[in-house]
Amino acid sequence: MNAAGRLSAAVLGAGLIGIDLTTKIMRSDYLDLRLVAGRDAANSGLWQAARLGLPVAAGGITSLVEVDDPFDVVFDATVASAHAEHAEKLSVLGTMLIDLTPSRLGQMIIPTVNRADICSHRDVSMVSCGGQASVPILHAIAKAHEIDYIEVVTTAATLSVGRGTRLNLDEYVGTTKEAVRYFTGVNDVKAILNISPARPPATFRVAMTLIGQDLTLDSVLPLVTGVASELRSFVGGFDVKACTVNDDKAFISVEVTSSGDRIPKYAGNLDIINATAIHVAECYAADRLSMAGLKMS
Amino acid sequence: MTEETSQDVVQGREIQIHDPSLRDGHHAVRHNLGADQLRAYAQAANAAGIPVVEVGHGNGLGASSLQVGRARLTDDEMLTVVREALTESKLGVFLLPGWATIDDIKNAIARGVDLIRIGVHCTEGDLAERHLGYLRDEGVDAHGVLLMSHMASPEKLAEECARLVGFGATGVGILDSSGHFLPSDVTERIAAMRAAVDVPVMFHGHNNLGMAVANSIAAAEAGADILDACARGFGAGAGNTQLEVLVPVLERLGYRTGIDLYRLLDAADLAERELMPAPPTIDSLSIVSGLAGVFSGFKNRVLDISAREGVDPRDVFFELGRRQAVAGQEDLIVDVALALRGARAEESHDGQ
């Protein structure tokens, strides 16, 4: 913690996600971004970070471990297969590790659902973009109804889906499905991912269908609008596009537009996971600071 | 066949017929075929000497869902029944990355599948990289096929096919998922693909504009090695290339298919009798979906949702085309129908 009462933070991974995160963290009142680490000094992401006036390093995880004063918070924006090693090396330092890869290793966090779990873990998973966009709504509906089946269909614009994600389609599907099961308690879940080539690019979108005999528009719509407004407090571009209930089926589609920064408006998939990761870090910071405050008084 | 063949230069060249009646036909009957139906047709196709018989949910392995319709049988039930029925023909399956995972592929291999087709939107070949790589390592015949191929230029399709081969595809092809092509479109595309790869090249036609057989012949003449066709054209919307028409037409042109004509006609008769309430026809909505360039498989969902929301299904198809909806994006239908209804309410309000 620094003198201004902010937590020290570092970003590991200088791809599209890492650089957008960097831009967003620089605006945080709770986080003091002290390092952006990649694995390749020639990476354009590291150059961009350096141009923003930030310290950069090309030693990957080693750059974060070999420091005198360990970071309070590290954002892992690398790949799923590398996360276990990062968690192992940082756990001994007491660092809070926020995982943006679909590794499924740490405690899954959906802030509107289990914010309280943040402080009791040191490796927290941001699940997936589709998980962050759907689980809050699905959780609210499942809590109030008897649900037999849930289906989540994500559509992302091809330009917003990098090589890592293209190679990890199975992990995306598996992680999203597991999160929906875990948070709703509904076992019969299907997750699907479509990549849209449309030009101009299609806005990031998640369509959800639930089957349950006690579903009505009067019971579902207020839950959906309530959760949407809660989400908008940290994901400004979250918007409900359709909400219908027919027979025993509820259908809800949402879109997320990016707030800008380093990514185009349609790339809400990148925006929602980054905005959520920062929100989680800030929740952690607020809890740490309030605890410190109590001790001092 | 005994009929004398033409003196065409193509004389004797072999075309492999790939029959997805039990997969694509599922779109026409809401994925509702039962085990007896699958068995009966698979036995008839096997007896006719059709080289490859494909089975599954219309959108392939793991696709049974509310998004595109739930299948009556599980993937395992379908594969087991058809595997048992095929003593000569190869068993094929289809799948879309993002829908089916490598676990589904492992399961299909364990159940005796001979050929796996990985389908991706025509500009997104790299979505198949991992699945094709896995199948190459397993030594399983795996073809990479490009959906909605009217949405990309011949050069782009050729480039994607070359990438698919690089990932491990042992064959490549294009699907005219919307039935949008005219024969000259097919000629250009297949010729470009043929020049770009040295593995078998496939064409899969839909009949929305009445062009499926003509397009398939154009593909053969441009160098395609594999043609897809279904009994009575059993498939989404206006149906696919009609198998029992295509085969004798190819033979008259001098191509060899190795298929027995009478047994092929018997299989087609059985398909009409046992698999479908009526053979597909080019109805008005199928013409619209072909013109709009939207996947034919959307038809039943568009009809259902348009009726519910009180909008014209033709408007829905043209709007889906404008939004460049691709196969699998059925969730857009509700949004489009609601938007059209909203726009109409606004117009009538303005008129008051």
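A residue counts as buried here if 20 or more other C-beta atoms lie within 10 Å of its own. Keep that handy, and remember that this model is predicted.

**Exercise 1.** Find the buried residues of α5(B), then work out which elements they pack against.

*Solution.*
- Step 1: Run the cut-off of 20 or more C-beta atoms along the helix. You end up with B:Glu129, B:His131, B:Leu132 and B:Leu135 as the buried residues of α5(B).
- Step 2: Look at their surroundings. Within chain B, these buried residues pack against α4 (102-110), β4 (115-121), β5 (141-147) and α6 (154-167). They also pack against α7 (163-167) of chain A.
- Step 3: Peek just past the end of α5(B). There, B:Gly139 has a positive phi of about 75°.

**Exercise 2.** Describe the side of chain B that touches chain A.

*Solution.*
- Step 1: Start with the contact itself: 26 residues of chain B meet 25 residues of chain A.
- Step 2: Now pick out the elements of chain B that give two or more residues to this side: they're α5 (129-138) and α14 (332-351). The biggest giver is α14(B), with 3 residues.
- Step 3: Sort the residues of this side by type, and you get 9 nonpolar, 9 polar and 8 charged.

**Exercise 3.** Split chain B into its domains and describe how they meet.

*Solution.*
- Step 1: Mark out domain 1 (16-274) and domain 2 (284-351) of chain B.
- Step 2: Check the spacing: their C-alpha centres are 27 Å apart.
- Step 3: Turn to the contact, where domain 1 of chain B supplies 22 residues and domain 2 of chain B supplies 16.
- Step 4: Sort the domain 1 side, which divides into 8 nonpolar, 13 polar and 1 charged.

Key: Residues numbered from 1 in each chain as written. Chains lettered and ligands numbered in written order. Predicted model: local features only at pLDDT ≥ 70, side-chain atom pairs only at ≥ 80, totals over all residues. Contact = placed C-beta atoms within 7 Å. Helix = DSSP H or I, 4+ residues; strand = E, 2+ residues; numbered from the N terminus. Nonpolar A, V, L, I, M, F, W, Y, C, P; charged D, E, K, R; others polar. Domains from an automatic or database assignment. Buried ≥ 20, exposed ≤ 12 C-beta atoms within 10 Å, placed from the backbone.
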